[in-house]
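Reader: Please take a close look at one part of this model, the network of salt bridges, and give the cut-offs as you go. Then set that part in its surroundings.

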Amino acid sequence: MPCKNCQYALSKDDLYCSRCGAKKIDEVLTLKAIGKEVQERYLELDSALLLTFLDLFRKPEAVADGYINGLRKRYMPLSNYFALAITLTGLLFVFAKKINPQDFVIPEASSSMENIMAQFNLVFEYQGLINLILLPLGALMTKLVFIDKKKYNYVGHLVWNGFYIAQTFIAVFLFSLIPVLLGADYFLITNLPTIPVLLYYVWMIKRLYAMGWWEAIGRFLLYMVAYIILVIGVMAIAGIGFALYLLATDQGQNISV
């Protein structure tokens with residue numbers, strides 16, 4: 001019989017199509033079959049999500065190394081996990097802005113301060129996407145910090161840095177959701193876990209490279225120095241661009257007047 005997905009000829013003993021990987025279906029569609037498909041698609045996804053979340057705390061090297069080495073069924077794929085983290089981060093910001101809009105404005109502020117606050121809010125609203133854009137730079141920095149370690153190539157650094165960012169976003173979401181829904185200050189509550197988030201990075205380095213605490217802390221501090229330099233550089237470029245934008249806007253207004 002042919003594959004229902006790509007029409008490739010299947011033998012009697014085939015369970016999956018060797019061309020496209022689709023499951024062989026030779027039974028009449030029933031409620032039982034639908035229920036089984038739903039269970040395979042969604043309950044297994046839920047279990048993979050939970051296991052990924054738990055094991056990234058317990059043994060992050062198993063998740064990162066497993067993904068790098070081709071393991072896909074046991075843990076949630078990095079792309080899906082990161083997309084989930086970005087979505088939850090954006091939802092938390094939307095909830096906070098709906099519940100406490102006063103936290104996102106400065107009373108009686110000048111127009112320039114309002115512009116700055118608007119830019120500040122924009123960064124928080126799209127922090128997930130911003131971190132996704134900065135991920136290649138972060139992976140490059142860790143590659144340089146661990147230049148003497150050959151365990152991971154650049155793509156490997158992308159993977160474990162990606163899992164770290166996604167994990168911390170999801171953890172902060174879970175920590176902050178109820179307080180934010182109850183009216184807590186968004187900026188305060190989401191920054192409370194900063195120290196645990198940084199300590200988790202040290203723990204992840206220690207587990208990934210099987211090194212001692214002091215060496216992991218030293219590598220982390222070296223990374224932080226590089227990261228701060230990068231952030232200052234990005235902020236400086238953004239500030240210059242924003243200043244040039246304001247200057248061009250003011251000049252345009254003067255010409256029109």
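Author: Asp148, Lys149, Glu215 and Arg219 are linked in a network of salt bridges, a salt bridge being a side-chain nitrogen of Lys or Arg within 4 Å of a carboxyl oxygen of Asp or Glu. The model is predicted: local features need pLDDT of at least 70, side-chain atom pairs count only at pLDDT 80 or more, and totals for chains, interfaces and linings use all residues. Residues are numbered from 1 along each chain as its sequence is written, and side-chain values use heavy atoms, with hydrogens and water left out.

Within the network, Asp148 pairs with Arg219, and their closest N and O atoms are 2.8 Å apart. Asp148 lies in the loop between helix 5 and helix 6 and Arg219 in helix 9, so this pair ties together parts that are 71 residues apart in sequence. Helices are DSSP runs (H or I, at least four residues), as strands are (E, at least two), numbered from the N terminus. Arg219 also meets Glu215 in a salt bridge, at 3.3 Å from N to O. Glu215 and Arg219 both lie in helix 9, 4 residues apart, about one turn of the helix.

Arg219 is buried, with a relative accessible area of 13%; buried means under 20%, exposed over 50%, and partly exposed in between (1.4 Å probe, protein chains only). Its partners are partly exposed: Asp148 has a relative accessible area of 47%, and Glu215 has 35%.

The loop that holds Asp148 also holds Lys151. Lys151 forms a salt bridge with Asp65, with the closest N and O atoms 3.2 Å apart. Asp65 lies in helix 2, so the pair ties together parts that are 86 residues apart in sequence. Lys151 is partly exposed at 42% relative accessible area, whereas Asp65 is buried at 19%. The whole structure has 6 salt bridges.

A nonpolar patch on the surface consists of Leu137, Leu140, Leu144, Ile147, Tyr154 and Val155, with about 540 Å² of accessible area together. Patches are made of residues with over 30% relative accessible area and no salt bridge; like charges are joined within 9 Å, nonpolar side chains (Val, Leu, Ile, Met, Phe, Trp, Tyr) within 5 Å. Accessible areas come from the Shrake-Rupley method with a 1.4 Å probe, and for residues only the protein chains shown count as cover. Helix 5 (127–145) and helix 6 (154–181) each supply at least two residues of the patch, and the largest share, 3 residues, comes from helix 5. Val155 lies in helix 6 and counts as exposed at 52% relative accessibility.

Turning to the interior, the largest nonpolar core has 44 residues, of which Tyr81, Trp160, Phe163, Met204, Ile205 and Tyr209 touch the most other members. Such a core is a set of buried Ala, Val, Leu, Ile, Met, Phe, Trp, Tyr and Cys residues joined through side-chain atoms within 4.5 Å. Helix 6 gives the most to this core, with 10 residues. Leaving aside neighbours within four places in sequence, Met204 is in contact (heavy atoms within 4.5 Å) with Leu56, Pro60, Trp160, Phe163 and Tyr164.

Overall, the protein has 9 helices and 0 strands, and 31% of its 257 residues count as buried.
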